2 protein chains.
Amino acid sequence: MREGKQEFAEWLASRKLRVTGERMAVLDEVMRANGHIDIDYLQEQFRKQKRPVSRATIYRTLSHLVQSGLVQKVLTGEGQARYEKMYGRQHHDHMICLGCGEIIEFTNDEIERLQDWVCHKKRFTIVTHTLQIKGFCEKCSAQKASVEGGATDHRRHGRN
Amino acid sequence: MREGKQEFAEWLASRKLRVTGERMAVLDEVMRANGHIDIDYLQEQFRKQKRPVSRATIYRTLSHLVQSGLVQKVLTGEGQARYEKMYGRQHHDHMICLGCGEIIEFTNDEIERLQDWVCHKKRFTIVTHTLQIKGFCEKCSAQKASVEGGATDHRRHGRN
DNA sequence: CTAATTGCAAAGGATTTGCAAAGTA
DNA sequence: TACTTTGCAAATCCTTTGCAATTAG
């Protein structure tokens, strides 16, 4: 039994939605992936498996998966959404490398606790939170340093 | 002298870009606003002021302002970018109300410190970070509670 | 005077939607 | 069978771009 299959089927049933081959195929593929995949990747997988699924259906199914809580949508900020499985995993935050695009996951209970505290003070009821740190991974930092030498552009404060 | 005018002019000059009426108008408008405005808002302001500026120019100028560090781009996650002035302001994070759309700003040095620490451990060089907490502001929480009574939907774990 | 900037409209890229054909319960 | 879902293509949405006319330095 593939991860989340049962859960997704139940979630669909609870909303009077049908369990179809396409939907389960999308679920399978997202669960099989290591995480942070995009629509192109999924479509490519289905094509390879000689089991093409239309873009529209992939979008529609991912939307259901996100609503069910089995999958999380991650917006990298450059216009492409990525998806990662959440089934059986704990919440975590992301570091996104501006050099190679790699996404590194991390967790820090203390940060979570402080968020709860800040929200409590403002009487804000938390539903979700997203913490993304952008910068350069170890590999890209080194590469960048060697290319630029000491001549760094100090004007650029890079907020985006 | 309007906030940031001098700084922006210098930044433009340093890149051999020209100081134009349109550019200064956009700067003025973003500085005048309380923050978190979008392109539509800006275009509307210019229209009202009988000083229309094309959408393309607004986009192009905001891009420069963001690069100069005078303005920050905030992606709310629903596909619309918002902008807020950073000139003379310290970095801060956001709570976004899912009920009324209000954006509440907050800062917490301890959270920042922990982020630095986590990145240091992973040898990740921070450029920027974004922490968005989504949920319901005090007003909307109260309203929601009274409408729903005790019947909350416990299936929805709402991560997006 | 020369290169940069503007506005317009067309182009792009990602996601959504209408609708007839195909499929699930 | 009755109601959903799928795939396709067209439609949206937001943002970017090419280009001729205009303007800053």
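So, L131(B): of the residues in chain B, that's the one whose C-alpha comes closest to the rotation axis, at 2.2 Å. And the contact surface there is shared, in the sense that 100% of the contact residues of chain B recur in chain A. Keep in mind, please, that this is a predicted model.

What turn and shift lay chain B on chain A? A turn of 180°, with a shift of 0.1 Å along the axis, and the RMSD comes out at 0.4 Å. That is the relation of a two-fold axis. Just as background, two copies of a chain are related by a rotation about an axis and a shift along it.

Okay, on to chain A by itself. We've got 6 helices and 5 strands. If you walk along the sequence, you go α-α-α-α, then β-β-β-β, and then α-β-α to finish.

How does the radius of gyration of chain A sit against a compact globule of 160 residues? The globule would be near 15 Å, but chain A has 19 Å. You can look at the box as well: along the principal axes, the C-alpha atoms of chain A fill roughly 60 × 45 × 25 Å.

Now the inside and the outside. Of the 160 residues in chain A, 44% are buried. Take the contacts in chain A between residues at least 6 apart in sequence, and you find that 47% of them join residues at least 24 apart. As for the accessible surface, chain A comes to about 9000 Å², and carbon and sulfur atoms account for 48% of that.

Charges, quickly. Chain A carries 27 positive and 21 negative side chains. The centres of those two sets lie 6 Å apart.

Last thing, let me zoom in on one residue over in chain B, R51(B). Where does R51(B) sit? In the loop between α3 (39-48) and α4 (55-68) of chain B. Is R51(B) buried, exposed or partly exposed? It counts as partly exposed, because its relative accessibility is 32%, and the partly exposed class falls between the 20% and 50% cut-offs.

And who does R51(B) touch? Leaving out residues up to four places away in sequence, R51(B) contacts G21(B), E22(B), A25(B) and F46(B). Take G21(B) from that list: G21(B) and R51(B) are 30 residues apart in sequence, and C-alpha to C-alpha they are 9.9 Å apart in space. Right, that's my bit, over to you for comments.

Terms used. Residues are numbered from 1 along each chain as its sequence is written. Chains are lettered from A and ligands numbered from 1 in the order in which they are written. This is a predicted model: local features need pLDDT of at least 70, side-chain atom pairs count only at pLDDT 80 or more; totals for chains, interfaces and linings use all residues. Side-chain values use heavy atoms; hydrogens and water are left out. Helices (H or I, at least four residues) and strands (E, at least two) are DSSP runs, numbered from the N terminus. Buried means under 20% relative accessible area, exposed over 50%, partly exposed in between (1.4 Å probe, protein chains only). Contact means heavy atoms within 4.5 Å. The radius of gyration is taken over C-alpha atoms; the globule rule is 2.2 Å times the number of residues to the power 0.38. Accessible areas come from the Shrake-Rupley method with a 1.4 Å probe; for residues, only the protein chains shown count as cover. Lys and Arg count as positive and Asp and Glu as negative; His and the chain ends are not counted. The place of a charge is taken as NZ of Lys, CZ of Arg, CG of Asp or CD of Glu. Copies are superposed by least squares on the C-alpha atoms of residues with pLDDT of at least 70 in both.
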